[in-house]
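Here is a short tour for someone meeting this protein for the first time. Have a look at the sequence and the model, then read on.

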Amino acid sequence: MEANCLQNSMRTEMKRCRKESEAEQVSRKRKKVDCFAFLPDDLLLDILQKLPADILRYKTRFVCRRWFSLITNRILLDHASLILENSSGIHTVRLMDISEEKQGLTMRDQYLEIPYSGRIKSWCNEFLLITDLNKEGSLYIYDLISKQGSFLPQCSTSCGGHYGCKCGVGLSYDKFKEVYKVVHVFLGPQIQCELLSLKGNIASCNSLKWKKISGPYYTGQRQYYWDDPVSVKGRYFHWDVHCSKYLVSMDTVKERFRQTRLPGSDVFPMNKRYFLVEMGGFLTLLHKVSLDKINIWMLKDYQRSKWENLQSISISSYVWSSIYPGSVLPLPVTCVKSKRYIIFRKPGSETGLYSYDLKNKIMRRLDVDIAPDERCVVRTTAAASFFEVRSSCSVYQKG
């Protein structure tokens, strides 16, 4: 009897101790202090910038709202980002970040110090692909976050160097293999293509080797020259081959070329008066059908070459004359992520950037000075996979 009473007493005491321990642990968790909350933005940014770009893009920025804002707006610059490069005289490189606010578009620019003064050919995520006009076949890869760069192994000399229109190069990202790919398309006896995969640290690029893949069979009217591609989602490359029926496209993940049919109708047949630009992760085509009308088409399904007529822009003679005298279409450069604004560049000696508001149908000049010989290099951002987005968003919502 006494033994049973002693066992009951011990059980009761153990339950009481367990409850007190659990209560103490809960109290400690509640009193836990977030040390990062007391850090100013500049110090927190210094810490975050030491992380790899992929970790920042797909994981770290979804920890909480503050981190999301800082990483997106101050490190990754995932807006309508472009680089203005001036190669005449003193070589200068300006990074222009165009973001959408409630009152409209805001712009921030900063000069970049890149330890290599070649011409920037492609920009994917945080990496720049740069070529040197004085060194035939030379390519340089540079990380804007880590400030590190490396020369790539010498590619084929059949293109005669990466200048003019003899070849086209582009930088893409394969999110499945987690590697960057450099695509080099050039003219030999026929269209040729070679590909270089960049794995791990870019400091070890010299040991890599180019891989030859089957080039495109259809070249439109570009039989004697080539161009750099328009990149979409950091994966799909599209070349305007001056054809009224198709584009030449490439899925850089599958490493396969294909023919992408162009939109059009009997009323407005597709001609060569069109321009390509990425808009919100889709290839967008601006087709000039008359002196004051532009049809905007969006490639909604890459596999089926399915286009959607987004809307038509009717530009009055006042807007046209305020931008460029005559009927020349300002060149589309990029778009904001919301797909509301298209950024144009006025051709000619009095060049400048303009934004067209698709909602209010208003064209405005942006408050930024551009020299006539400054080149615009548009950034493309590789999309995350479905599982990465879903898991990251769930963490962000909890924060």
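A residue is called buried here when its relative accessible area is under 20%, exposed when over 50%, and partly exposed in between (1.4 Å probe, protein chains only). By that yardstick, Arg235 and Asp251 are both buried. Before going further, a word on the source: this is a predicted model, where local features need pLDDT of at least 70, side-chain atom pairs count only at pLDDT 80 or more, and totals for chains, interfaces and linings use all residues. Residues are numbered from 1 along each chain as its sequence is written, and side-chain values use heavy atoms, with hydrogens and water left out.

**The whole chain**

The protein chain has 399 residues, and 48% of them are buried. It holds six helices and 24 strands, where helices (H or I, at least four residues) and strands (E, at least two) are DSSP runs, numbered from the N terminus. About 21600 Å² of the protein chain is exposed, with carbon and sulfur atoms supplying 52% of that area; accessible areas come from the Shrake-Rupley method with a 1.4 Å probe, and for residues only the protein chains shown count as cover. Take the contacts (heavy atoms within 4.5 Å) between residues at least 6 apart in sequence: 46% of them join residues at least 24 apart.

**Around the helices**

Which residues of helix H2 are buried? In H2, which spans residues 41–48, they are Leu44, Leu45 and Leu48. They sit on the same side of H2 because they cover an arc of only 100° around the axis, the arc being that of the directions from the helix axis to the C-beta atoms. An α-helix has 3.6 residues a turn, so residues three or four places apart point the same way. The buried residues of H2 pack against helix H3 (53–58) and helix H4 (65–76).

Helix H3 is also where you'll find Arg57. Arg57 counts as buried because its relative accessibility is 1%. The C-alpha atoms of Arg57 and Ala382 are 9.9 Å apart, although 325 residues separate the two along the chain.

**Salt bridges**

A salt bridge here is a side-chain nitrogen of Lys or Arg within 4 Å of a carboxyl oxygen of Asp or Glu. This rule gives 14 salt bridges, and the table shows three of them.

| Pair | Closest N to O |
|---|---|
| Arg108 and Asp97 | 3.1 Å |
| Asp174 and Lys181 | 3.1 Å |
| Arg235 and Asp251 | 2.8 Å |

Arg235 lies in the loop between strand E12 (230–232) and strand E13 (236–239), while Asp251 is 16 residues away in strand E14 (residues 246–251). Salt bridges with shared partners join Asp174, Lys181, Lys211 and Glu255 into one network. Asp174 and Lys181 are both buried.

And Arg108 with Asp97: is each one buried or partly exposed? Arg108 is partly exposed, because its relative accessible area is 39%, whereas Asp97 is buried, at 1%.

**An open sheet**

Four strands line up as E16-E17-E18-E19 in an open sheet with antiparallel pairing; two strands pair if DSSP finds at least two bridges between them. Strand E16 (274–279) and strand E19 (306–314) are the edges, each pairing on one side only. E16 and strand E17 (residues 282–290) pair in the antiparallel sense over six bridges, and Met279 stands opposite Phe282 in E17.
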